[in-house]
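Subject: Structure for you to look at

Hello,

Please find the structure below, with my notes on it underneath. Read them with the model open beside you.

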Amino acid sequence: MKTTIRNRAAALGIAAVAGLAGIGLASGPALAAPAPAEGTSSAADAAPQSVHYPTDTGIYADELVRAWGADNSERVEAFASPQVVEALNEHGNEDATHWVRTGGDGAAGTIYSTYENTVTGETMSVGVANEEVSNGGEWGAPHGVHKVQFGN
């Protein structure tokens with residue numbers, strides 16, 4: 001009798017864990033819609049529209065630099081203020097895939113991540129609003145990069 005109870009308790013425990021794991025997997029930042037039936041189309045054919053905004057300012061800056069290097073203007077616009085988007089567009093993204101973060105520093109509520117281009121030797125400083133991005137929640141905020149400066 002004890003073995004049967006133990007086996008049933010174990011089975012219920014496994015089912016509960018599997019159910020919670022399924023909920024965790026289905027609650028990410030963008031839930032994909034099921035594929036439409038063959039021969040039909042839907043608005044779900046487009047890429048997911050939500051963006052994950054990290055709460056770590058260094059990772060946030062890295063995401064902007066990666067998006068810029070990949071020429072992903074929608075993602076750049078999601079992470080940066082309009083002024084930063086304009087500055088990046090004016091600079092151009094030739095060799096933009098060669099930026100490496102070399103450090104970081106903070107001042108007056110802004111965390112600056114510094115980057116060096118391994119091809120050109122140019123430097124770039126990306127300013128992220130610390131309080132806005134590191135809001136204590138699970139997700140950061142859009143347009144957290146409010147400053148960018150290039151140097152030689």
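Phe150 is partly exposed, with a relative accessible area of 25%. Keep in mind that this is a predicted model. The ring of Phe150 pairs with that of Trp99 in a tilted arrangement, with 6.2 Å from centre to centre and 50 degrees between the planes. Trp99, at a relative accessible area of 10%, is buried. Because Trp99 belongs to strand 1 and Phe150 to strand 4, their pair ties together parts that are 51 residues apart in sequence. The structure has 6 aromatic pairs. Elsewhere, Tyr53, Tyr60 and Phe79 make up one aromatic cluster.

The sheet

The two strands just named belong to an open sheet of 4 strands, which has the order 1-2-3-4 and antiparallel pairing. Strand 1 (99-107) and strand 4 (145-151) are at the edges; each has a single partner strand, so one side of each has no neighbour in the sheet. From one strand to the next, the twist averages 20 degrees. As a general point, the strands of a sheet pair through backbone hydrogen bonds, and they can do so in a parallel or antiparallel way.

Strand 1 and strand 2 (residues 110-117) run antiparallel and are joined by 8 bridges. Two of the partnerships can be checked by eye: Gly106 has Ile111 in strand 2 as its bridge partner, and Ala107 has Thr110. These two strands form a hairpin with 2 residues between them.

Two backbone angles

Ala108 sits in the loop between strand 1 and strand 2, and its phi is positive, about 50 degrees, although Ala108 is not a glycine. Is Ala108 buried or exposed? Ala108 is exposed, with a relative accessible area of 86%.

His143 is another residue other than glycine with a positive phi, in this case near 60 degrees. The place of His143 is the loop between helix 5 (130-133) and strand 4. His143 is partly exposed, its relative accessible area being 40%.

The nonpolar core

In soluble globular proteins, nonpolar side chains tend to be buried together. Here the largest nonpolar core has 23 residues, and Leu64, Met124, Val126 and Val145 are those with the most contacts inside it. At least two residues of this core come from each of helix 2, helix 3 (73-79), helix 4 (82-91), strand 3 (123-129) and strand 4. Which element gives the largest share of this core? Helix 2 does, with 6 residues.

Leu64 is a good place to begin looking at the core. Apart from its neighbours within four places in sequence, Leu64 is in contact with Val76, Phe79, Ala80, Val84, Leu88, Val126 and Val145. Two of these contacts, Val126 and Val145, are also among the residues with the most contacts inside the core. Phe79, another contact of Leu64, is the Phe of the aromatic cluster with Tyr53 and Tyr60.

A buried aspartate

Asp62 is found in helix 2 (residues 57-69). Asp62 is buried, with a relative accessible area of 14%, which falls under the 20% cut-off. With neighbours within four places in sequence left aside, the contacts of Asp62 are Arg101 and Tyr115.

The protein as a whole

The protein has 5 helices and 4 strands. Along the sequence they follow the pattern α-α-α-α-β-β-β-α-β. The protein has 152 residues, of which 26% count as buried. About 9800 Å² of the protein is exposed, and carbon and sulfur atoms supply 55% of that area. Of the contacts with a separation of 6 or more, 50% are between residues 24 or more positions apart.

If you look at a few places, I would start with the pair of Trp99 and Phe150, then the hairpin of strand 1 and strand 2, and then Asp62 with its contacts Arg101 and Tyr115.

Regards

How values were computed:
Residues numbered from 1 in each chain as written. Predicted model: local features only at pLDDT ≥ 70, side-chain atom pairs only at ≥ 80, totals over all residues. Heavy atoms only, no water. Pairing = 2+ DSSP bridges. Axes fitted to C-alpha atoms, helices over the stretch in contact; angles between N-to-C directions. Phe/Tyr/Trp six-rings, centres within 6.5 Å; stacked < 30°, edge-to-face > 60°. Buried < 20%, exposed > 50% of the residue type's maximum accessible area, 1.4 Å probe, protein only. Contact = heavy atoms within 4.5 Å. Areas by Shrake-Rupley, 256 points an atom, 1.4 Å probe, with all protein chains shown as cover. Core = buried A, V, L, I, M, F, W, Y, C linked by side-chain atoms within 4.5 Å.
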